[in-house]
Amino acid sequence: MKVLKFGGTSVANASNIALVKRIIETTEGNKIIVTVSALGGITDLLLKASVLASRQDRSYKMILEEIELRHLSAIKELIPIKGQSSILSKVKTDLNTLETLLEGAFLIGEITPKLSDKIVSYGELLSSYMINEYFISRGLDATYKDSRELIKTNDFNGKAAVNFKLTNSLCQTYFTAVKHRIIVVPGFIASSENGNSTTLGRGGSDYTAAIFAAAVDAEILEIWTDVSGMYTANPKIVRQAQPIPHISFEEAMELSHFGAKVLYPPTIQPVLAKGISIRIKNTFEPENPGTLITKNQNDKGKTVRGISHVENMALLSLEGSGMVGIPGISKRFFEVLSQQEISVVFITQASSEHSICVGISNSDADLAVRAVEEEFEYEIERGKIKPVVVEKDLAIIALVGDHMKSHQGLSGKMFSTLGKNNVNIRAIAQGASERNISAVINKEDVKKALNVLHEEFFEENVKQLNLFVMGVGNVGGKLLHQIQKQRKYLKENLKLNLRVIGISNSRTMIFDENGISLKNWEVVLANGEAADSNSFFERVRKLNFRNSIFVDNTASEKVSSTYSNYLGNSISVVTCNKIACSSKFDNYKNLKDLAREYNAPFLFETNVGAGLPIIDTLKHLIASGDRILKIQAVLSGSLNFVFNNFSDKVNFHDIVKQAQEGGYTEPDPKIDLSGIDVMRKILILARESGYQLEIDDIENTSFLPAACLEAKSNTEFFNSLKQYEPIFQKLYKDALKADSKLKYVAQFEDGKASVGLQQIQKGHDFYNLEGSDNIVLFYTERYPNQPMIIKGAGAGAEVTASGIFADIIRIGNF
């Protein structure tokens, strides 16, 4: 004998019920007990109608009309016209009785638990009768049996306790005697020994099926639902969740207890003692094997079998010195919660006996506080115990697996993974069996927590990076193109999955939780919402994705001022914007400290030398114990481009314009030509070398006339360059006479820094520096005479984008 249970989604409408019939037809076995839930959503409608009626709100009749329409429509679709009359008559009679019950609730202005059970029982009574009649009309050897005649309970309405001795006897007698192959029974409902309707609690249709399976020693219990078995995590939250082919009873109970909604937790209990296997199947993909739940453990399975969670939890804490060494405190605490029928799902107690902490439903929190404070009123008044502390809007996440106890370090791995992603743990519990490791976290962190844990324990070391890109001009646009081009390579070779979740320019911004397509992002962005850097941050924070990286491709001071917000929320920052790292030293230090404190990398390799590994090399020198003695460098690719191409045959204005149009300069070229950009770069190198320096400490010998420096706009600036062309020509001719080349040089030595235009003679490392190349000479204690030299392209959108890309990859490899 087999028992098959079909949930609400499986019987939600006529087309779904037709799928159920096909499954029954292809199921082998002498007898099949088919347990069905109410049509999808009907139980909720019945409860809603009950509440409205009890409030004397006549709109309950509209809900009743909806319930009637759904059932009658299904009958008309499923049953041939000739056979509809008697079935419609029976259903309408039941609906009239239901209407009378609701009218009674309306008249007395209340709904009792007993009346509520009677009302909600009609969901399963109507669906099971209708489905049985459909089976018969299609030639199946089926009969109907009211579960209230078989499952007997106490009189506790809402979640009645089963009298298994009587129930098993009634089930065995009936199912042994019945001659039909298919027996359709309603789930969820039962009756007390004196005949009153009772219910087995929400999700009780699973329980009904399990009761029948245990009573008749069924071959297997099949739970048919809308998903293909149990998953390693909730697939609606974790997109990479994988189906679990085989799992033990204990593992399934742990997962279902902590929110795996494909299985109602008490379901397993009746079949566990009998060793009856359960299979979770998908009504809409019947060929999928689903999940098999058995008594025997799957020794070849993974250590961690699943990650589950339950939301809307509260943490109730009782603590005080008056609890230490006093027998009976825990007994009184749990007893008072039990008396108020408050379910405790999580317990932790300090070994000092100084505190007890339990997890309960949010909805029970206020009642629990009142009850516990009343029970311990004497101790609280005398200061022996502190007033009860309650924290709401929390969630419990749990790692589940039979073999976790034989593997060291799982707890550490779990908590380390959560900590790295700024998921604050409020409480921890682990049973002696080590089958479950649970932690209480903020509800808003659930999605991030489940995804990072799933990535850590189940995915093939593929790390997902979620990017939020601000600034998509020259550099930003090239970066997005490079990401699109290299995405497949990164996933296959570096095990990195890059997703761009948010993009913003100065006008508009867009977000897509599933990742923005990089094929047409320009079109989508053009139609985005109004851009604002603070609003952008708030969206990033609320999304709360794991491995989030904010990428700043702007030269905006306002944008750079938001870095602390990102880092303080464990969101990494990658930037080519030099303003933050060259701002006041205290701000620079604060950003570095935040990055360490919140485990959020703050990388700015492209601040100096675009894509050249200058800062990274400097960091390694310092980290390995070397000390910087002197730095000499040509750090402006734009100025190097300008002076390499400037001559007595070309106007200085024209060369600068060419550099701007080629993306070699900042949007405001005065930043480059004034030396400010180079000052920022040498300042950053000095700070990364371990020196505390401010930009005002740097000596800047500018070659630009004062009028050029005082220009208020780009147009005004370029006009001034034309005006002072003779001065620039003189600089060129003087260098030519000295058989030298003009280079804008930055130097740092003995704690002092300077920048300025210099004549570089033949034989110097700077002399043959071509195009927009940069060069840095590091003189250190290990390289005192022959410096370490880093040389290459130091400007341009393509190489700058590649440097930003490299920083993103570095974070992925952390």
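Which residue stands opposite Ile549 in β23? Ser572 does. The notes below concern a predicted model.

1. **The seven-strand sheet.** Ile549 and Ser572 face each other across a parallel pair. Strand β22 covers residues 548–552, and strand β23 covers residues 572–575. Four bridges join the two. Both belong to an open sheet of seven strands. Its order is β21-β20-β19-β18-β22-β23-β24, and its pairing is mixed. At the edges stand β21 (529–530) and β24 (602–603). Each of these pairs on one side only.

2. **The three-strand sheet.** Another open sheet has three strands, in the order β4-β6-β7. Its pairing is also mixed. β4 (152–153) and β7 (197–199) each have a single partner strand, so one side of each is left without a neighbour in the sheet. β4 runs parallel to strand β6 (residues 189–192), and two bridges join them. Within this sheet, Thr153 stands opposite Ser192 in β6.

3. **The helix across that sheet.** Helix α5 spans residues 113–137. It lies across β6 and β7. Its direction relative to β7 is about 75°.

4. **Ala161, beside β4.** Look for Ala161 in the loop between β4 and α6 (164–177). Is Ala161 buried or exposed? Neither label fits: Ala161 is partly exposed, because its relative accessible area is 40% and the partly exposed class runs between 20% and 50%. Not counting residues up to four places away in sequence, Ala161 touches Lys152, Thr153 and Asn154. Thr153 is the residue that stands opposite Ser192. Ala190 is 29 residues from Ala161 along the chain. The C-alpha atoms of Ala161 and Ala190 are separated by 9.9 Å.

5. **Strand β11 and its partners.** Strand β11 takes in residues 291–294. How are its two faces placed? Both are covered. Thr291 and Ile293 lie on one side, Leu292 and Thr294 on the other, and all are buried. In a regular strand the side chains alternate between the two faces of the sheet. β11 pairs with β9 in the parallel sense, over three bridges. Here Ile247 stands opposite Ile293. With strand β10 (residues 277–282), β11 pairs in the antiparallel sense, again over three bridges. There Arg279 stands opposite Leu292.

6. **Thr232, in the loop before β9.** Thr232 sits in the loop between β8 (220–225) and β9 (246–248). Why does Thr232 count as buried? Its relative accessibility is 4%, and buried means under 20%. The side chain of Thr232 makes a polar contact with the side chain of His454, at 2.6 Å. Leaving out residues up to four places away in sequence, Thr232 touches several others, among them Ala241, Arg305, Ile307, His454 and Phe458.

7. **The nonpolar cores.** The largest nonpolar core has 76 residues. Which of them touch the most other members? Phe652, Ile682 and Phe778 do. Helix α25 (residues 676–688) gives the most to this core, with seven residues. Setting aside neighbours within four places in sequence, Ile682 is in contact with residues including Ile631, Leu635, Ile698, Phe748 and Val755. A second, separate core has 56 residues. Ala53, Phe106, Ile182 and Val184 are among them.

Conventions
Residues are numbered from 1 along each chain as its sequence is written. This is a predicted model: local features need pLDDT of at least 70, side-chain atom pairs count only at pLDDT 80 or more; totals for chains, interfaces and linings use all residues. Side-chain values use heavy atoms; hydrogens and water are left out. Two strands pair if DSSP finds at least two bridges between them. Contact means heavy atoms within 4.5 Å. Axes are lines fitted to C-alpha atoms, for helices over the stretch in contact, and angles run from 0 to 180 degrees between N-to-C directions. Buried means under 20% relative accessible area, exposed over 50%, partly exposed in between (1.4 Å probe, protein chains only). A polar contact is a pair of N or O atoms within 3.5 Å; within protein, one must be able to donate a hydrogen and the other to accept it, and residues adjacent in sequence count only if both atoms are side-chain atoms. A nonpolar core is a set of buried Ala, Val, Leu, Ile, Met, Phe, Trp, Tyr and Cys residues joined through side-chain atoms within 4.5 Å.
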